[in-house]
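Here is a walk through one structure, from charged pairs to strands to surface. Keep the 3D view open while reading.

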Amino acid sequence: PATLTAVDGPVRALSVQDLTFTGYAGDEIRGWVVRPHGDEPLPAVVEFIGYGGGRGLPGDKIAWAAAGYVHVIMDTRGQGSGWSIGDTPDPHGSTAAYPGVMTRGIHDPREYYYR
């Protein structure tokens, strides 16, 4: 089950929540839910961060929420060391690869990073 926990954000007009749910092998996946205050239904934008990046800090991405959308910013497991920080480890990853994780475990479909 997903859980939402309120966190302090840098903009008082927006609500920021830490989203947590279980993913591969029962491991925790994290994201941010940023939205205008209130409970009314709003359109949503779900953003999956690209290779090397993570969800960042609670107030890094506020443009969609400031425009009236619910913005869900998802972490990518084992990422977040390149250009933005992440908070979702990859404890089931295979051995290291060069230059990054995209080729990790590529010789065995059971160990490949993108399984």
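**Charges, strands and rings**

E47 and K61 form a salt bridge, and their closest N and O atoms are 2.9 Å apart. This pair joins distant parts of the chain: E47 lies in strand β4, K61 in the loop between β4 and α1, with the two positions 14 residues apart in number. The model is a predicted one. E47 is partly exposed, at a relative accessible area of 22%. K61 is partly exposed too, at 29%. Both values clear the 20% under which a residue counts as buried.

Side chains of opposite charge can pair when their charged atoms come close. How many salt bridges does the rule count here? The count comes to five. One of them joins R55 and D18, with 2.7 Å from N to O. Here too, distant parts of the chain are linked: R55 sits in the loop between β4 and α1 (63-66), D18 in strand β2 (residues 14-22), and they are 37 residues apart.

Are R55 and D18 buried or exposed? R55 has a relative accessibility of 5%, so it counts as buried. D18 is buried as well, with a relative accessible area of 9%.

Next, look at R30. Its salt bridge partner is E28, and the closest N and O atoms lie 3.5 Å apart. R30 is buried, with a relative accessible area of 16%. E28 is partly exposed, at 42%. The two pairs do not stand alone: D18, E28, R30 and R55 are linked in a network of salt bridges.

R55 has a further contact. The charged end of R55 sits over the ring of W32, 3.6 Å from the ring centre. R55 thus appears in a salt bridge with D18 and over the ring of W32.

Now turn to the strands. Which strands pair with β5, and in which sense? Strand β3 (residues 28-36) pairs with β5 in the antiparallel sense, over four bridges. Strand β4 (residues 44-48) pairs with β5 in the parallel sense, over five bridges. H71 marks a useful point in β5. V34 stands opposite H71, and H71 is also the bridge partner of V45.

Why is β5 largely enclosed by the rest of the structure? Five of its five residues are buried, so the strand is largely enclosed. Its two faces are both covered. On one side, V70, V72 and M74 are buried; on the other, H71 and I73 are buried.

Then come the aromatic rings. A pair of aromatic rings is described by the distance of the centres and the angle of the planes. The count here comes to one aromatic pair. W64 and Y69 form that pair: the centres are 5.1 Å apart, the planes meet at 85 degrees, and the arrangement is edge-to-face. The edge-to-face label follows because the angle is over 60 degrees. W64 is partly exposed, with a relative accessible area of 38%. Y69 is partly exposed as well, at 29% relative accessibility.

Finish at the surface. Y51, M102 and Y114 form a nonpolar patch there, with about 300 Å² of accessible area together. M102 is found in the segment after β5 (70-74). M102 is partly exposed, at a relative accessible area of 39%. That value is over the 30% needed for a residue to belong to a patch.

Key. Residues numbered from 1 in each chain as written. Predicted model: local features only at pLDDT ≥ 70, side-chain atom pairs only at ≥ 80, totals over all residues. Heavy atoms only, no water. Patch = residues over 30% accessible without salt bridge, like charges linked within 9 Å, V, L, I, M, F, W, Y side chains within 5 Å. Areas by Shrake-Rupley, 256 points an atom, 1.4 Å probe, with all protein chains shown as cover. Salt bridge = Lys/Arg side-chain N within 4 Å of Asp/Glu carboxyl O. Buried < 20%, exposed > 50% of the residue type's maximum accessible area, 1.4 Å probe, protein only. Phe/Tyr/Trp six-rings, centres within 6.5 Å; stacked < 30°, edge-to-face > 60°. Lys NZ or Arg CZ within 6 Å of the ring centre and 35° of its normal. Pairing = 2+ DSSP bridges.
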